[in-house]
Amino acid sequence: MEESAYFDQYSPIDNVWDEMYGLDANVREHYRKVIDYISKESADDLNKKEELAKRLFMSQGITFTVYNSGEGIEKIFPFDIIPRIITADEWAFVERGIKQRLNALNLFLKDIYHNQFIVKDGIVPIDIIYSCPHFLREMYQLQVPYDIYVHISGIDLIRDEDGTFYVLEDNLRTPSGVSYMLENREITKRLFPDLLPQCSVRSVTEYPSILYKNLLALSPRQIHNPTIVLLTPGIYNSAYFEHTTLARLMGVELVEGRDLVVNNHKVYMKTTTGLQQVDVIYRRVDDEFLDPLVFNPASMLGVAGLMGAYRKGNVAIVNATGTGVADDKAVYAYVPDMIRYYLNEEPILKNVPTHQLGNPDEREMVFKNLNKMVVKKTNGSGGYGMLMGHAASEQEIDEYKKEILKDPRNFIAQPTISLSAAPCYMQGELKPRRVDLRPYALYGPDGIEIVPGGLTRVALKEGSLVVNSSQGGGSKDTWVLSPPAP
């Protein structure tokens, strides 16, 4: 391999799993072709590729919204040009683990909205379920098509210092970010057109067609061409770019609540030629805003009467309403027990050890060790409202304790997991930055399909463990390699 200043100067972080460098300080085999290729590129060439990526993101409107930055509405999602590479064996392990986990979570949702065996058998405490704001009594005994509640999920994975994969959280309500996975790949094809086939990188572009196939199968009307719509909160939503992208790639209508109306327990879309019955709604609107007659009466984002049509079985909603109870961070702690209970299997993917602060004993232990903990709100998202104990001042810790004591059930604590590092191109040099991985799983009548890849998010700030775009993170293309030929 040709030596290069980029890699000579690369300095892995101590006691952190490095995706590119092994413990013996040698480059991992699956990164060699990429390193050979980049070693032959000058800093000027790589700078031009980085600039081209930025221009492509901006010209195609690949942005996200930050509500509190004071910098206007839309920002480019920072993109690192060096791919994150996953071997075929690693991916096979991750895929098995996600499928197992989703099977159990889906059975859990069906159970708690019907017989509640897992509660009666003492596996999950009833107060954890009933105190969750996303447990919807309106879903009790409601039959959903094919008994599938979670049609689309994004499971966040991290790797500890020994390379072990852990599930950080389950995103089961309206998981976002898949458009960045797709666009990252399209941009990488422009930057490194020869490298993808050389490395036998598996494709992620089938995602929209798999999702569309699954949506078609959910139609309550057995007709040749059911009407599918993607329901968006509108242009001011942080993921609006994604909504438009997915609607375009699937060839379905992008609608807002005002474009739909319910009549006689059926949902219709307003068109220039009159009302057209809607069969399947892929909704990117949260539960509480879906139907002002049932949930938040002030909501302008949903459709009055939608839950009545859903209960009658005249429309399918993806993901099913009420799925949020399964990704509540207090419920997360019980997922390994769910896998054992419903599937009679040991969990393939590990949970991060989790302490529920509603439990006085656990809370006391956590309060004594807050400087080694990450504390999160059980229903928070986007990295907001977290306490990173190792980076917090005494005053910040004391103020956070007061917040916890106001409503302890609303918080969990986890030990600080180091997160693996991957090489990133920063001002002409390669630097290690912390990463996570969000693969996207699609659950349809034929089973669970996971496109080989996902969104690798990067904590671009040196020393940071926070990868959320809303907190200054970026992303990179995720390459899953094909298995070697026999």
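**Stop 1: Thr321**

Select Thr321, which counts as buried because its relative accessibility is 0%. Buried means under 20% relative accessible area, exposed over 50%, and partly exposed in between, with a 1.4 Å probe and protein chains only. Before going on, note that this is a predicted model: local features need pLDDT of at least 70, side-chain atom pairs count only at pLDDT 80 or more, and totals for chains, interfaces and linings use all residues. Residues are numbered from 1 along each chain as its sequence is written, and side-chain values use heavy atoms, with hydrogens and water left out.

Thr321 sits in the loop between β12 (316-318) and α12 (329-332). Helices (H or I, at least four residues) and strands (E, at least two) are DSSP runs, numbered from the N terminus. Now show what surrounds Thr321. Leaving out residues up to four places away in sequence, Thr321 touches Leu136, Met139, Arg283, Asp287, Leu290, Met307 and Tyr310. Contact means heavy atoms within 4.5 Å.

**Stop 2: the whole chain**

Zoom out. The protein chain has 15 helices and 23 strands. Its radius of gyration is 23 Å, close to the 23 Å that the globule rule gives for 486 residues, so the chain is as compact as a globular protein of that length. That radius is taken over C-alpha atoms, and the rule is 2.2 Å times the number of residues to the power 0.38.

Turn the C-alpha trace along its principal axes: it spans about 70 × 60 × 55 Å. Of the 486 residues, 56% count as buried. Look at the contacts between residues at least 6 apart in sequence: 69% of them join residues at least 24 apart.

Switch on the surface. The accessible surface comes to about 20,900 Å², and 49% of it belongs to carbon and sulfur atoms. Accessible areas come from the Shrake-Rupley method with a 1.4 Å probe; for residues, only the protein chains shown count as cover.

**Stop 3: strand β5**

Select residues 165-171, strand β5. How many of its residues are buried? The count is 7 of the 7, so β5 is largely enclosed by the rest of the structure.

Add strand β4 (residues 152-159). β4 and β5 pair in the antiparallel sense over 6 bridges. Two strands pair if DSSP finds at least two bridges between them. Find Ile158: its bridge partner in β5 is Tyr166. Follow the turn of this hairpin, where 5 residues lie between the strands. Gly163 in that turn has a positive phi of about 90 degrees.

Now add strand β13 (residues 350-351). It runs parallel to β5, joined by 2 bridges. Stay on Tyr166, whose bridge partner in β13 is Lys350.

In a regular strand the side chains alternate between the two faces of the sheet.

**Stop 4: Gly177**

Move on to Gly177, in the loop between β5 and α7 (178-191). Is Gly177 buried or exposed? It counts as buried, because its relative accessibility is 5%. Beyond its neighbours within four places in sequence, Gly177 is in contact with Glu242, Tyr440 and Leu455. Draw a line to Ile118: the two residues are 59 apart in sequence and 32 Å apart in space, C-alpha to C-alpha.

**Stop 5: strand β19**

Select residues 429-438, strand β19. Here 8 of the 10 residues are buried, so β19 is largely enclosed by the rest of the structure.

Add strand β18 (residues 421-426). The two strands run antiparallel, joined by 6 bridges. Cys424 stands opposite Lys431 in β19. Their hairpin has 2 residues between the strands, and Gln427 takes a positive phi near 45 degrees.

Next, add strand β22 (residues 455-458). It is antiparallel to β19, with 4 bridges between them. Pick Leu437 and look across: its bridge partner in β22 is Thr456.

**Stop 6: Gln277**

Select Gln277 in strand β10 (residues 274-277). Gln277 is buried, with a relative accessible area of 15%. Setting aside residues up to four places away in sequence, Gln277 touches Arg221, Thr227, Lys266, Val267, Tyr268 and Asn314.

**Stop 7: Pro133**

End at Pro133, in the loop between α6 (126-130) and β4. Pro133 counts as exposed because its relative accessibility is 54%. Which residues does Pro133 contact, leaving aside its neighbours within four places in sequence? They are Asp328 and Asn379. Pro133 and Asn379 are 246 residues apart along the chain, yet their C-alpha atoms are separated by 8.4 Å.
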